[in-house]
Each structure stands twice: as structure tokens, then as C-alpha cells.
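User: Hi! I'm new to reading protein structures. Could you walk me through this one?

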Amino acid sequence: MSGRIVLFGATGYTGGRTAEALVGRGVRPVLAGRDAARLAALGERLGCPTATADVTDVASVGGLVGPDDVLVTTVGPFARLGGAALAAAVSAGATYLDSTGEPPFVREVFELQGPAAERSGARLLTAFGHDYVPGVLAGALALREAGERAARVDVGYFLSGRGRWFSRGTVTSLIGIAGSPGHTLRHGAVRTENAGARLRTYEVDGRPRPGVSIGGVEQFALPRLQPGLRTVDVHLGWFGALSSAVHATSRLPAPPAPLLGVLGVLAGRLPRDPSAEALAGCRSHVVAEVFDDYGTLLARTCLTAPDPYALTADLLAWGAARALSHGVTGTGALDPVGAFGLDTLREGAASAGLTSP
């Protein structure tokens, strides 16, 4: 292992958990960021080296990262703060992982930065956490069972438990993408559509749960595994009984910028961390269903995991450590299955707590 793992965002909630997960796997990442004092304290506690750099400055990030390194960033909202680290990784020809769940940023990685990464030899793995590794894995397992008749895949994400599950960063990211165009796969091509434009119900843990559509990695990843796929939809079931209202708002004009600004200020007053008690009782459920051209269900895969933040941290830690020690397959914008192989990904996800119920 001639390279190293460079982690941005370790003084934040998700980044801090990722740093701890990396150390738990025997890896000492370089903790990078602007606040030298906070980094030094964290580095001393975890036994990790530190470096001062600005994640929003391409040259600053680029000064830390070379072609043999793995750059991991948890600094969001990614639409506002993620571009420089991504560009630096592409320029350096490095391996890159992030924790985004923002559909516009995911699409930018695949459609805009992917070709540049192929030319530089960079390897980009965006949204390598609870969003959207579980759906890609569940979809790939269901596709393997379904066989060549597969024409459509639906993936649903759900949480069970009670209390405040979301960190301040998650809420800020959700506000940041409000009104932004989403994407789906229709007739074999990625197409733009508003988030929430589609509503469907899944059976989750023995009861019906509604979800609204959202763009993810699945729309890019699953057609690579099964070129005959014509449709891929991803649904988010976090809103419960409010899903119908979220679906209805998808037809409305985008919220005005001043309103989003006010919501952003209010989000900034939320506690940084989600409720520990709520996360302790939280379970994540991911369902993938594969259909043929006539709507016949061919295969169904369900995966579950505890605490979505723990899952994100552990997936990022496993992916970064695996990429550093064994490399990944391919260059450009990669998907988790293509980068690591289905069985290896399944084993890695299981080590992070993502398993069949």
C-alpha cells in the first residue's frame, strides 16, 4: 500500500464516525480540514496524522492527493461544497469516495466528471454510504436471481423506529436540493424529472410503506449489470403518511431562493448530531424488486441495517480501505458492484451491518 487515505470532514458528525470506523479497521487516515486545532485534538485521540487544507479549494486539496491515494469526503451540502474535492481527485488521478445523497451531485459525477476521470485515470465512487450502496447491492442481487427477462427495477429506502434520526447536515442537504431536478431511467436512458414525481407502495417488515421517487446511483449502476433494463426507479420512504403531500408538491414550481435561505438558517440551528436514543432503535430497510416487460415480479431482495449513519461510516471505511489495499476495477465514474465485484461488495456490506433479514 504505497498510497494513503485522506479524509475531509472528520470534525463533522458523519466524518467523525467515518474516521473512527477507519481506525477500527486498522487504517490511520490523514485527517484534513481548515480547523487545525480541532483536527489536532481529534488526531491525537484517534492516533491519526492531520493536515490543514480547504476542501473548497482545488489547489489546496490537490496538494494532499496523488494518484495512489484515496480521497474520502463527507463535507456537504455537496452541491455547494463538494465540487473542489471532486475536481482535485479527477486532476490527480486518485480514487475518490463521498457520502453525498444529493441526486444533482450524483448525476454530475457520472455525466460530467466521469469522462474527465477516465482520461486522468481517476476512480470516482460517489454516494458510497446509506445513499446509495444498499440499493445498488439489493438491485444487483435481485437482477442476478431474475435473469435475462429483467426489464424494470424498483428500489425503496425506508427507516423504522422513533425519534429524530437526522443530523443537521442531512437536513441542510435536503433543503439544498429542494426544487432541484431529479432523474430516473426511462426507455433505457437517464431522464430528468422532479423529485417526488412518482409514488408507490412497498411491503416493508410486513406492512405497506409509501415512498416518493428520487434520483440515485441505481439509475446509472444497474443498467451496466443488465443492459436490457428499460426502467429503474428509486423511492424514498422517509416521509411516511406525508409521502402523498411530498408527491403533490413535485408538480409545484421550485421554492424561491429567499425561502430556501430562511430554511437553511433554521436548519443551522438544529443540533449537529441526531438523537443517539433514536438511532439506537433505528433500522434501515432497502427493498429491490425486478419485473419483466409485462409487470410480472421476477425477484425481490430485502436488506436491513442498523443506524444509517453507522452504515455510511462503515461502508466508506470498508470501501476506502479495500480500494487502498486491493485497488478497484475500472476508471471514471464507477458503481460499487463494478468497482469491487458483487460478491466482494456483499461481504463488505455485511461487515458494515447490511444483511438480509
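User: How are H13 and H15 oriented to each other: roughly parallel, roughly antiparallel, roughly perpendicular or oblique?
Analyst: Happy to help! Keep in mind that this is a predicted model. Helix H13 (residues 308–326) and helix H15 (residues 342–351) pack at an angle of about 135°, and their axes are 9 Å apart. H13 and H15 are therefore oblique to each other.

User: And which hand does the crossing of H13 and H15 have, left or right?
Analyst: The crossing of H13 and H15 is right-handed.

User: Cool. Which residues of H13 and H15 meet there?
Analyst: On the H13 side there are Leu315, Trp318 and Arg322, and they meet Thr344, Leu345, Gly348, Ala349 and Ser351 of H15. Sorted by class, this contact of H13 with H15 has four nonpolar, three polar and one charged residues.

User: What about H7 and H9, at what angle do they pack?
Analyst: Helix H7 (residues 133–146) packs against helix H9 (residues 218–225) at about 25°, with the two axes 10 Å apart. That makes H7 roughly parallel to H9, because angles under 35 degrees count that way.

User: Which residues make that contact between H7 and H9?
Analyst: H7 brings Gly135, Val136, Gly139, Ala140 and Leu143, while H9 brings Glu218, Ala221, Leu222 and Leu225. They divide into six nonpolar, two polar and one charged. As for handedness, H7 passes H9 in a right-handed crossing.

User: Switching topic: where does Asp233 lie?
Analyst: Asp233 is in strand E12, which covers residues 231–236.

User: Is Asp233 buried or exposed?
Analyst: Asp233 counts as buried, because its relative accessibility is 6% and the cut-off for buried is under 20%.

User: What does the side chain of Asp233 make a polar contact with?
Analyst: Its partner is the side chain of Arg186, at 2.8 Å.

User: And which residues is Asp233 in contact with, leaving aside neighbours within four places in sequence?
Analyst: Arg186 shows up again, along with Val153, Asp154, Val155, Thr184, Arg198 and Gln219.

User: Now the big picture. How many helices and strands does the chain have?
Analyst: The chain has 15 helices and 15 strands. Of its 357 residues, 56% count as buried.

User: Last one: what share of the contacts with a separation of 6 or more comes from residues 24 or more positions apart?
Analyst: Those residues account for 73% of such contacts in the chain.

Terms used: Residues are numbered from 1 along each chain as its sequence is written. This is a predicted model: local features need pLDDT of at least 70, side-chain atom pairs count only at pLDDT 80 or more; totals for chains, interfaces and linings use all residues. Side-chain values use heavy atoms; hydrogens and water are left out. Axes are lines fitted to C-alpha atoms, for helices over the stretch in contact, and angles run from 0 to 180 degrees between N-to-C directions. Helices (H or I, at least four residues) and strands (E, at least two) are DSSP runs, numbered from the N terminus. Angles under 35 degrees count as roughly parallel, over 145 as roughly antiparallel, 65 to 115 as roughly perpendicular and the rest as oblique. A crossing is left-handed if the near helix is turned anticlockwise from the far one by less than a right angle, and right-handed if clockwise. Contact means heavy atoms within 4.5 Å. Ala, Val, Leu, Ile, Met, Phe, Trp, Tyr, Cys and Pro count as nonpolar, Asp, Glu, Lys and Arg as charged, and the others, Gly among them, as polar. Buried means under 20% relative accessible area, exposed over 50%, partly exposed in between (1.4 Å probe, protein chains only). A polar contact is a pair of N or O atoms within 3.5 Å; within protein, one must be able to donate a hydrogen and the other to accept it, and residues adjacent in sequence count only if both atoms are side-chain atoms.
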